[in-house]
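Trainee: Could you take me on a close look at the empty spaces in this protein, meaning its pockets and cavities? I'd like to know what surrounds them.

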Amino acid sequence: MPGPVGSVGVVGAGAVGQTVAATLVTSGICRRLLVASRTVEQAAALAADLDDMRQSVGSSVQPEARCVADLVGCHAVVVAVRAAFTNTRSADIRMGGAAANAPIIRALATALRGYQGTVLVVTNPVDLMTRLFAETSGCPRAYGIGSNLDSARYRLTLAHLLDVPATAVHGHVIGEHGDGAVVCASSTTVNGSPAAVPLPEVRAELRIRPSRISAGVGRTRSGPAGAVLSTLRKALGLVDGTEELTCEHRGDWLGIPLRFAAGQPVACLPALDADEDAQLAATATKLRSAYQALRPSGPTPHSLETT
């Protein structure tokens, strides 16, 4: 397996950013971890905390506090920022951050315009924010990690319901990281054989799991961090494999499986039945409409909270 890359950047020092950064320090996939955040003091504090961790676990990854402009030389950048807003939605919850987070993502993408490395967007609504970052920055390798996390949850849920090991389950959740997620039940297999997927129970668990986690610990963080690490290993060419990621596909931006070989992705959508195909088309239309509503309104904010 190839050795660690030179550097990876993380933008955001909140709950998710901290967990992502700590995961990367222990992973050893890079030699330097550059941390940027709302203030220099915040980035420096996180870098110092990570340095303590590095010493304790014997990691060779060197954390450093930097500004966003310093990340242009990184092999990859993880975007985990969040604007200061209160989400009052009871349905389609992730869409509640679209208007608030869009100016932050737009400003960050402008600062990294022309960046040629890999960008992984965690900020919600991740499908919209990934497209906004990609189209504003011109970065050719911008991906969102939402469907990756949904697929992991799906495999765990189905394994529990069918009383089999999670490693025996092969299946995907695609489309939107949110209410428009498409469970690819028709192509799901268990131990290589077609599976009888109890869709109502699966959908119920996928719907309630995020809020149950958030209610208990304030925000989902370890799951997204795991999705980031798994994706970085493949996008950086350290291992080959498939990840479900938001990307451009036939003119739309939504979550699909990508097969990475030596760091290069190829779309590999599973076969869909008629209902799944209709769901995916409806999701694409929804995301397209929501993206068109993201128009710059007023000055770019000077402060942000980190996710």
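Mentor: Sure, but let's check confidence before we go in. This is a predicted model, and the mean pLDDT of the protein chain is 93, with 94% of its residues reaching 70 or more. One stretch needs care: over residues 298–307 the pLDDT is below 50, though this stretch still has 31 contacts in the model beyond near neighbours in sequence. Where pLDDT is low, the predicted coordinates should not be read in detail.

Now, how do we find empty space at all? Rolling a probe the size of a water molecule over the atoms shows where it is left.

Start with the largest pocket, which has a volume of about 1100 Å³. Its lining takes in 39 residues, and those nearest its centre are Ile93, Arg94, Asn124, His177 and Pro210. Which elements build the lining? S5, helix H5 (146–162), strand S10 (181–183) and helix H6 (199–217) each put in at least two residues. H6 has the largest share, with seven residues. As for chemistry, the pocket lining splits into 16 nonpolar, 14 polar and nine charged residues.

Next, the closed kind of space. Searching the whole structure for cavities of 30 Å³ or more turns up one, and the largest cavity holds about 50 Å³ of space. Around it you'll find Asp127, Leu128, Arg131, Asp252, Trp253, Ala284, Leu287, Arg288 and Tyr291. Helix H4 (126–137), strand S14 (252–261) and helix H8 (274–292) each bring at least two residues to that lining, and H8 gives the most, with four. Here the split is five nonpolar, four charged and no polar residues.

H4 also leads us to a neighbour, helix H3. The buried residues of H3 pack against H4, as well as strand S1 (5–11), strand S4 (76–79) and strand S5 (81–82). You've met S5 already, as one of the elements in the pocket lining. Which residues of H3 are buried? They are Ala98, Asn101, Ala102, Pro103, Ile104, Ile105, Arg106, Leu108 and Ala109. When you look at a list like that, remember that an α-helix has 3.6 residues a turn, so residues three or four places apart point the same way.

Finally, a quick length check on H3, residues 98–111: at 1.5 Å a residue, its 14 residues should span 20 Å, and the end C-alpha atoms are 20 Å apart, so the two agree.

Key: Residues numbered from 1 in each chain as written. Predicted model: local features only at pLDDT ≥ 70, side-chain atom pairs only at ≥ 80, totals over all residues. Heavy atoms only, no water. 1 Å grid on protein atoms, 1.4 Å probe; cavity = no way out; pocket = protein on both sides within 12 Å on 5 of 7 lines; lining within 4 Å. Points joined across faces, edges and corners; volume = space filled by probe spheres on them. Nonpolar A, V, L, I, M, F, W, Y, C, P; charged D, E, K, R; others polar. Expected span 1.5 Å × (residues − 1). Buried < 20%, exposed > 50% of the residue type's maximum accessible area, 1.4 Å probe, protein only. Contact = heavy atoms within 4.5 Å. pLDDT = per-residue confidence, 0-100.
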